Amino acid sequence: MSIPSLREIWENGDKCINGWCAMPSTVTAEIVARQPFDTLTIDLQHGLVDYQMALTMLQAMGVSDVPKLARVRWNDPGFIMALLDAGFTGIICPMINTRAEAEAFVSACHYAPRGSRSFGPTRASIAYGADYQEQAKTRIATLAMIETREALDNLDDILTVEGLDAVYIGPSDLAISMGYPPSLENIAPEVEEAIVTIREKAQAAGRFTGIHTGNSAVAAAKLKDGFNLASLSTDTKIFSTAVAEMLRNARPDAGDKTVKALY
């Protein structure tokens, strides 16, 4: 199975709807992977997934020939390298607030002389072949999350980091840092203005752009606005929303008792 690099997809002008897996389950991961998403992400930060589960979920996602990304728990070089060795083809790194943090993140994703990644692609070489070290030069995508006022203030410097492929906006944390309630759907005007600024500056600097969204309408709108990637909610929220809706339809008096995930 030939899996294109995320950069290759973007450079061809294609937009991506990203499937987001936060539940620690190979079954739900496979179900999501069998849908026609353009990219897939396993969330190891706010999801309930650890390294071992991420590995088995990644294997279950092998039914799909799209890029597989991991959202890491933090800008931790050792953890980033372990996930790349497992076979992920892109890393979304949270809370990148300064140029130095962006440089450290990119360095962890690439082998010398470009970066500081240690060589030992245990599963990646099985998945992609003996020339993995050469493939990794173009296969690995780096997405830095811009989600704070500090990151906004340092955005111009962050965007100059060589090897940074894209910025990925986390609207909820961005809203909190700007003094607003977290939301992926009802975004405050000032936060929306900041999102537009991030996208425009990133694209002017030759970087690609991604964003997390809470529903299909917002995802479609963000791609129309010019984003290269939009994550479609999370499996947790989609599942809980669907269960609640079906239960309310079967038993209307259950409406006030149903529970939906916020994220």
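Modeller: Helices (H or I, at least four residues) and strands (E, at least two) are DSSP runs, numbered from the N terminus. This is a predicted model, in which local features need pLDDT of at least 70 and side-chain atom pairs count only at pLDDT 80 or more, while totals for chains, interfaces and linings use all residues. Residues are numbered from 1 along each chain as its sequence is written, and side-chain values use heavy atoms, with hydrogens and water left out.

Biologist: Happy to dive in! Which residues have the most contacts inside the largest nonpolar core?

Modeller: A nonpolar core is a set of buried Ala, Val, Leu, Ile, Met, Phe, Trp, Tyr and Cys residues joined through side-chain atoms within 4.5 Å. Buried means under 20% relative accessible area, exposed over 50% and partly exposed in between, with a 1.4 Å probe and protein chains only. The largest core here has 62 residues, and the most contacts inside it belong to Ile-91, Phe-105 and Leu-174. Apart from that core lies another, of 14 residues, which includes Leu-6, Ile-9, Trp-20 and Ile-92, but the answer to your question is Ile-91, Phe-105 and Leu-174.

Biologist: Which residues of strand S4 are buried on the two faces?

Modeller: In a regular strand the side chains alternate between the two faces of the sheet. Strand S4 spans residues 90-93, and both of its faces are covered. Leaving aside neighbours within four places in sequence, Ile-91 has contacts (heavy atoms within 4.5 Å) that include Phe-105, Cys-109 and Leu-143. The buried residues are Gly-90 and Ile-92 on one side and, on the other, Ile-91 and Cys-93.

Biologist: Why does Ala-54 count as buried?

Modeller: Ala-54 sits in helix H3, residues 51-60. With neighbours within four places left out, Ala-54 is in contact with Ile-42, Leu-44, Val-49 and Phe-88. Phe-88 is 34 residues away from Ala-54 along the chain, yet their C-alpha atoms are separated by 9.7 Å. Ala-54 counts as buried because its relative accessibility is 0%.

Biologist: Which helix gives the largest share of the lining of the largest pocket?

Modeller: On a 1 Å grid over the protein atoms alone, a pocket is an open set of points where a 1.4 Å probe fits, with protein on both sides within 12 Å along at least five of seven lines, and lining residues have an atom within 4 Å of a point. The largest pocket has 25 lining residues, with Ser-172, Ser-183, Leu-184, Leu-262 and Tyr-263 nearest its centre. Two elements give two or more residues to that lining, helix H10 (171-177) and helix H13 (235-250). The largest share, four residues, comes from H10.

Biologist: And which elements each supply at least two residues of the lining of the second largest pocket?

Modeller: That pocket is lined by 13 residues, and Thr-28, Ile-31, Val-32, Asp-235 and Ile-238 lie nearest its centre. The elements you are after are strand S1 (16-21), helix H2 (26-33) and H13.

Biologist: What is the omega of the cis peptide bond between Ala-112 and Pro-113?

Modeller: Pro-113 belongs to the loop between helix H5 (99-109) and helix H6 (124-128). The bond joining Ala-112 to Pro-113 is cis, with omega at about 5°.

Biologist: One last backbone check: what is the phi of Ser-233?

Modeller: Ser-233 lies in the loop between strand S8 (229-232) and H13, and it counts as buried because its relative accessibility is 4%. Met-95, in the loop between S4 and H5, has a positive phi of about 50° although it is not a glycine. Ser-233, also a residue other than glycine, has a positive phi near 55°.
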